[in-house]
Amino acid sequence: MNAKEFVRRRKHLMELIGSNGIAILVAAPERVRSRDTLYVYRQDSDFYYLTGFGEPEAVAVLTPGRSQGEFLLFCRERDPDREQWDGPRAGPEGAVTAYGADDAFPIADLDDILPGLLERSDRVYYSIGGNEFDQKLLAFIKALNEKRQSGHAPSELVALDHLLHEMRLFKSRAETGTMRQAARIAVSAHSRAMRACQPGMKEYELEAEFVHEFRRHGAECSYPPIVAAGVNACILHYRANDAPLQDGDLVLIDAGCELGMYASDVTRTFPVNGRFSAAQRELYEVVLDANHAATAKAVAGNHWNDPHDAAVLTVTRGLKDLGLLEGRVPQLVKSLAYRQFFMHKTGHWLGLDVHDVGDYKVADQWRLLEPGMVMTIEPGIYVAANAKSVDKRWRGIGIRIEDDVQVTRDEPDVLTHGLPTTVVEIERHMSNVA
């Protein structure tokens, strides 16, 4: 991401905060995996969005109107001994030269400097909750309030989330460019997995195809891949990935990658042996029709729930036509009868987080879709293996088709286009026919 992108974001946020406000953000902590082994570090998304800084033990402060500099960064000092073990650190000097901080200090100096910055402010913008820094900040504010007669103290503690997450909801050209690349890599990985799939493989062998394809493009998994064969596909967040792929079953794969901190999120369902059975084909085409119907509604001016409503109507009508539901379609929709087979929403925001930030409602009403928003479209049908109310041929089939879609001023921009999706395309691709 170009450095100017971070400057633009900070400037916009400081305009919203105003000259009497101060914003404070804390880097994500390192997490222990087991004993003295840490998880691979990932920066907090809000912190990265404004700073581009990827190290732990850091605090960013935005002080609009401060003459000595508006963007301050507290971070670890350079340490040759630790850097030999863990890799290079930017240090305060690098925070200025490489990350655009107006001023930077060792993280050890935070307790001496931050109270003075708070003292000049009326409003503190901070995302409170679940961070060890919460109590430290509250203690600073309390101490200033106890000395209010001889000095100044902030009078408001304002949730930073609302302002910052509204900004993150609208993607810039640079952001959508990165997300488009992440989508292309995910498309390539799904395409590769389809061709690699063979009866008798284990689910984790297909998972390995994704890890290899992601890593060879400099990306990584944006969430643990779901590789769910047969009845496992009816478990929405299946995680085991250790069952064999049986001839005659479908396999549902929900796998996306993270590139430059931005996520893709893609799901495809295809036959293990390369050929859909009649029942699998019929259910699959209902889900595909729902995907197309929902995508068509992902346009500026529609509200957030319009794609879901379109998917629900299409799925309900399809299930009725196939005999899985009985009754009039409007009543089936109204009574939520479809939820026996389609029990989740049709999508979510996508960006720095897989389930990205941003309100879905404004004043208790579904918000209108606007250009720059990026969402997933992911209808599904899941017929439990023990669903005795339906014919046996449908039981144990789980299908989901998920794409990443950008709302534009014109038609929906499907970032994950080019991946085999129709029955004919999938069967041709899996048979290695060009």
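Okay, let's start with the largest pocket and the elements that line it. Strand S1 (21-26), helix H2 (45-51), helix H5 (110-119), helix H6 (133-146) and helix H7 (160-169) each put at least two residues into that lining. Which helix gives the most? That's H7, with four residues. Keep in mind that this is a predicted model. The pocket's volume comes out at about 890 Å³. There are 38 residues lining the pocket, and those closest to its centre are Val26, Ala27, Ala28, Pro29 and Asn131. If you sort the lining by class, you get 20 nonpolar, six polar and 12 charged residues.

Now, S1 has a partner strand, so to speak. S1 and S7 run parallel, and three bridges join them. Find Ile22 on your screen, and opposite Ile22 you'll see Val124 in S7. On S7 there's also a link to another strand: four bridges connect S7 with strand S8 (residues 156-159), again running parallel. One example is Arg123, whose bridge partner in S8 is Glu156.

Have a look at the side chains of S7 while you're there. Which way do they point? Strand S7 covers residues 123-126, with Arg123 and Tyr125 pointing one way and Val124 and Tyr126 the other way. Every one of those four is buried.

Okay, next stop: a sheet further along the chain. Strands of a sheet pair through backbone hydrogen bonds, and that pairing can be parallel or antiparallel. Here we have three strands in an open sheet, ordered S10-S11-S14, and the pairing is antiparallel. Why is one side of S10 and of S14 left without a neighbour in the sheet? Because strand S10 (226-229) and strand S14 (267-271) stand at the edges, and each has a single partner strand. On average, neighbouring strands in this sheet are turned by 15° against each other, if you ignore direction.

Something also packs on this sheet, namely helix H9 (residues 203-216). H9 touches S10, S11 and S14, and its direction makes about 145° with that of S10. As for the pairing itself, strand S11 (residues 250-254) and S14 are antiparallel over five bridges. Take Asp254 as an example: its bridge partner in S14 is Thr267.

Let's stay with Thr267 for a moment. Is Thr267 buried or exposed? It counts as buried, because its relative accessibility is 0%. What does Thr267 touch, leaving aside its neighbours within four places in sequence? The contacts are His190, Leu252, Ile253, Asp254, Arg400, Ile401 and Glu402. And here's a distance you can check yourselves: Thr267 and Gly372 are 105 residues apart in sequence and 22 Å apart in space, C-alpha to C-alpha.

Right, two backbone oddities. Most residues other than glycine have a negative phi. Met261 isn't a glycine, yet its phi is positive, about 80°. You'll find Met261 in the loop between strand S12 (257-259) and strand S13 (262-263). Ala363 is in a similar spot on my list, with a positive phi of about 55°, and it's not a glycine either. Ala363 lies in the loop between strand S15 (361-362) and strand S16 (365-366). So which of them is buried and which is exposed? Met261 is buried, since its relative accessible area of 14% falls under 20%. Ala363 is exposed, because its relative accessibility of 69% is over 50%.

Now for the closed-off space. How many cavities of 30 Å³ or more turn up in the whole structure? Just one. About 50 Å³ of space lies inside. Around it you can pick out Trp304, Asn305, Pro307, His308, Lys345, Thr346, Gly347 and Met375. By class, that lining has three nonpolar, four polar and one charged residues.

Let me finish by zooming out to the whole chain. Its secondary structure comes to 13 helices and 21 strands. The C-alpha trace spans about 80 × 50 × 40 Å along its principal axes. Of the 434 residues in the chain, 53% are buried. And if you take the contacts with a separation of 6 or more, 69% of them are between residues 24 or more positions apart. Okay, any questions?

Technical notes
Residues are numbered from 1 along each chain as its sequence is written. This is a predicted model: local features need pLDDT of at least 70, side-chain atom pairs count only at pLDDT 80 or more; totals for chains, interfaces and linings use all residues. Side-chain values use heavy atoms; hydrogens and water are left out. On a 1 Å grid over the protein atoms alone, a cavity is a set of points where a 1.4 Å probe fits but cannot get out, and a pocket is an open set with protein on both sides within 12 Å along at least five of seven lines; lining residues have an atom within 4 Å of a point. Grid points are joined across faces, edges and corners, and a volume is the space filled by probe spheres set on the points. Ala, Val, Leu, Ile, Met, Phe, Trp, Tyr, Cys and Pro count as nonpolar, Asp, Glu, Lys and Arg as charged, and the others, Gly among them, as polar. Two strands pair if DSSP finds at least two bridges between them. Axes are lines fitted to C-alpha atoms, for helices over the stretch in contact, and angles run from 0 to 180 degrees between N-to-C directions. Contact means heavy atoms within 4.5 Å. Buried means under 20% relative accessible area, exposed over 50%, partly exposed in between (1.4 Å probe, protein chains only).
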